[in-house]
Amino acid sequence: MDAITQPTGADAIPDSRGLNLYRADPDLRALLGLYLPPDLAMHMHPHLDRLGALAGGKLDELALTADRNPPGLNARTRRGEDTQSIEKHPAYQEMERLAFGEYGLAALSHRPGVLGWDAPMPPAVKYAITYLFAQAEFGLLCPVSMTDSLTRSLRKFGSPDLIARYLPMLTSQDMDTLHQGAMFMTEQGAGSDVAATAVLATPHEDGTWRLTGDKWFCSNPDAGLAMVLARTQGGPPGLKGVSLFLLPRELPDGTRNRYRIVRLKDKLGTRSMASGEITLNGATAWLIGAPGEGFRQMADMINNSRLSNGVRAAGMMRRAVTEALFIAHRRVAFGRKLADMPLMRRQLTKMLMRAEQARTMVFQTADVLRRSDGGEQKAYPLLRIMTPLIKFRACRDARVVTGDAMEVRGGCGYIEEFSDARLVRDSHLGSIWEGTSNIVALDVIRAIQREDSLPALRAHVTSLLEESAALPEAAPALDRAAALAREANTNPALARQAASALYHLTTAAALAWEATRLQLPRRLALAQLVLRHRVLPRDPLAHVPDEQPGPDLLADPAG
Ligand SMILES: Cc1cc2nc3c(=O)[nH]c(=O)nc-3n(C[C@H](O)[C@H](O)[C@H](O)COP(=O)(O)OP(=O)(O)OC[C@H]3O[C@@H](n4cnc5c(N)ncnc54)[C@H](O)[C@@H]3O)c2cc1C
């Protein structure tokens with residue numbers, strides 16, 4: 001191969017600004033055609049194309065600005081009125097307008113009319129938009145997802161009058177009338193262990209409740225509505241005494257509710273979005289559903305948020321891979337492009353593998369959610385296990401892939417002007433909030449124990465494998481993974497190992513299935529990589545076989 005002339009100065013630094021991240025993704029359009037009805041896939045194409053351009057351009061710039069200008073808490077107005085407010089940078093407000101307003105991301109599952117579609121849209125649309133949006137901005141998607149999830153829980157468990165009052169505001173695309181959602185569960189002594197919840201709810205003669213105590217992590221703390229877990233006065237100890245409440249920021253008479261944002265957190269990532277501490281001083285709230293059902297009902301909201309977290313992790317990985325490929329096809333060292341170096345190709349391939357696993361899991365889980373919400377009973381146990389699987393594994397993989405992408409850019413990767421550093425910082429949160437890795441892996445085992453989810457997952461994976469008929473090693477590996485998961489029932493130390501094995505086998509089978517359906521051999525190559533690298537036994541001292549994938553797997557995203 002002839003040596004390439006080494007560029008000098010600024011010409012030596014590749015810059016992807018302005019790349020359309022929808023068009024740069026070779027399989028996204030085909031996958032949407034597979035997982036969406038044809039008319040909806042066609043309808044969404046121009047919307048996603050525009051979002052792809054935004055994510056690689058204006059939205060990315062807004063995200064960078066908002067990250068550098070975190071929100072601040074104003075305790076009082078300049079006249080001394082005791083009305084707290086959170087000052088958000090105009091860049092963040094513009095991103096809010098895009099997400100809640102233009103793309104109706106918190107509304108599209110709950111009502112018709114968003115993006116010109118005359119029905120509520122299936123989860124795959126919501127997650128396709130989230131996937132692209134997250135490639136530029138992660139922090140704001142927390143309030144977006146909480147608003148969507150709160151609306152879902154309110155519609156499921158709330159009283160008809162509360163639904164009638166708040167649904168239009170929660171699903172508004174007008175920023176002046178929109179009420180965003182939040183979720184206040186965590187306390188200093190009650191994070192993973194929700195049974196230790198100490199905030200107290202006392203009944204009031206008018207039928208509402210009064211909440212008192214401290215909530216320790218409250219993202220989007222100035223949201224119009226929050227779901228709050230609290231212990232009912234005189235109720236039983238433990239989880240049975242914990243109930244779910246809807247907390248409005250403003251009471252129906254227009255006055256401020258009685259709680260204070262005490263301070264905002266200084267965070268490693270998601271710096272664009274406010275997370276605070278709140279003290280409830282006898283705040284008025286409505287009980288949602290039956291007393292003592294708090295955790296069960298909140299679990300639905302948490303699962304919805306966990307799934308959204310997995311989707312965001314997949315999006316961040318895709319951005320990391322797109323950037324890394326873009327650089328590798330342009331950056332020159334030793335007279336060659338990085339993309340032509342065997343060791344770099346191997347590194348890129350492994351990043352791509354993890355990113356594609358997560359993306360496939362997004363679409364698979366979205367489809368199961370659609371079926372479950374549509375009333376298909378056998379889809380629920382499947383949804384119940386696939387949700388923690390993607391939250392656990394994709395969020396952990398995002399830490400690795402975003403870190404690797406930073407390294408592919410070399411020293412510039414460590415500099416905050418590029419997206420890499422922000423992606424690395426943001427990606428670390430996914431494994432902590434909405435349940436840490438241990439807690440979410442244990443939830444996989446709980447789904448197996450309580451919802452009989454293992455046979456459902458095995459049947460699903462087996463049918464994917466049968467249709468592709470391309471991964472003969474997968475079926476016996478699935479038996480072993482299922483045995484490991486059953487063992488984890490009595491030995492929780494195995495929960496993460498079992499959850500990883502189930503995730504890898506599910507994604508390998510689904511990638512092979514997609515390859516068959518779409519006639520895309522590169523997705524089969526990825527499925528085989530997953531098996532070889534993440535499932536089957538390997539000798540660490542053996543000669544590593546040549547893992548060079550087909551050239552189209554590592555194609556230039558701007559090519
Ligand atoms: C930026 C940010 C925003 C947040 N926003 C919100 C929000 O809006 N609303 C909200 O309610 N919360 C929010 N949280 C809180 C978050 O969900 C909790 O921090 C998280 O659930 C962990 O709880 P904890 O901090 O109490 O840690 P702990 O529960 O004390 O966990 C500490 C460690 O112990 C491990 N552990 C605990 N139990 C087990 C077990 N049984 N087996 C093995 N290991 C175990 C955990 O995995 C973890 O590694 C936010 C957190 C952050 C960082």
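Arg370 is partly exposed, with a relative accessible area of 41%; partly exposed lies between buried, under 20% relative accessible area, and exposed, over 50%, using a 1.4 Å probe and protein chains only. The model in front of you is a predicted one, in which local features need pLDDT of at least 70 and side-chain atom pairs count only at pLDDT 80 or more, while totals for chains, interfaces and linings use all residues. Residues are numbered from 1 along each chain as its sequence is written, and side-chain values use heavy atoms, with hydrogens and water left out.

**Helix 9: two residues**

Let us stay with Arg370 for a moment. Arg370 sits in helix 9, where helices (H or I, at least four residues) and strands (E, at least two) are DSSP runs numbered from the N terminus. Beyond its neighbours within four places in sequence, Arg370 is in contact with Pro122 and Pro123, contact being heavy atoms within 4.5 Å. From C-alpha to C-alpha, Arg370 and Pro123 are 6.3 Å apart in space, although 247 residues separate them in sequence.

Helix 9 spans residues 342-373 and also holds Gln357. Gln357 is buried, at 0% relative accessible area. Setting aside residues up to four places away in sequence, Gln357 touches Asp397, Tyr503, His504, Thr507, Leu511, Val530 and Arg534. With Thr507 there is a polar contact, side chain to side chain, at 2.9 Å. A polar contact here is a pair of N or O atoms within 3.5 Å; within protein, one must be able to donate a hydrogen and the other to accept it, and residues adjacent in sequence count only if both atoms are side-chain atoms.

On the other side of that pair, Thr507 belongs to helix 15, residues 495-518. Thr507 counts as buried too, at 0% relative accessibility. Its contacts, again not counting residues up to four places away in sequence, are Gln357, Thr360, Met361 and Val530.

**Around the ligand**

Which residues come nearest to the ligand? Of the 19 residues around it, they are Met183, Thr186, Ser192, Ser219 and Thr436; a residue is near if one of its heavy atoms lies within 4 Å of the molecule. The shell divides into 10 nonpolar, 7 polar and 2 charged residues. In this count Ala, Val, Leu, Ile, Met, Phe, Trp, Tyr, Cys and Pro are nonpolar, Asp, Glu, Lys and Arg are charged, and the others, Gly among them, are polar. Strand 3 (181-184), strand 5 (209-219) and helix 12 (437-451) each supply at least two residues of that shell.

The table lists polar atom pairs between ligand and protein.

| Ligand atom | Protein partner | Distance |
|---|---|---|
| Nitrogen | N or O atom in the side chain of Thr186 | 2.7 Å |
| Nitrogen | Polar backbone atom of Phe217 | 3.1 Å |
| Oxygen | N or O atom in the side chain of Thr436 | 2.5 Å |

Taken alone, the ligand exposes 980 Å², and the protein buries 64% of that; the areas come from the Shrake-Rupley method with a 1.4 Å probe, and for residues only the protein chains shown count as cover.

**Strand 7 and its partners**

Strand 7, residues 242-248, is mostly covered, with 7 of its 7 residues buried. In a regular strand the side chains alternate between the two faces of the sheet. Here Val242, Leu244, Leu246 and Pro248 point one way, while Ser243, Phe245 and Leu247 point the other way, and all are buried.

Two strands pair if DSSP finds at least two bridges between them. Strand 6 (residues 225-232) pairs with strand 7 in the antiparallel sense over 7 bridges, and Ala226 has Leu247 of strand 7 as its bridge partner. Strand 9 (residues 275-288) pairs with strand 7 in the antiparallel sense over 3 bridges, with Leu246 opposite Trp286 of strand 9.

**Helix 4 and some positive phi angles**

In helix 4 (residues 90-102), the buried residues include Tyr92, Met95, Leu98 and Phe100. Their cover includes helix 2 (38-55), helix 3 (58-68), helix 5 (123-133) and helix 6 (141-157). After helix 4 comes Gly104, with a positive phi near 50 degrees.

Thr270 is not a glycine, yet has a positive phi of about 45 degrees. Thr270 lies in the loop between strand 8 (259-264) and strand 9 and is buried, at 1% relative accessible area. Ala469, also not a glycine, has a positive phi of about 50 degrees. The loop between helix 13 (453-468) and helix 14 (474-488) holds Ala469, which counts as exposed at 67% relative accessibility.
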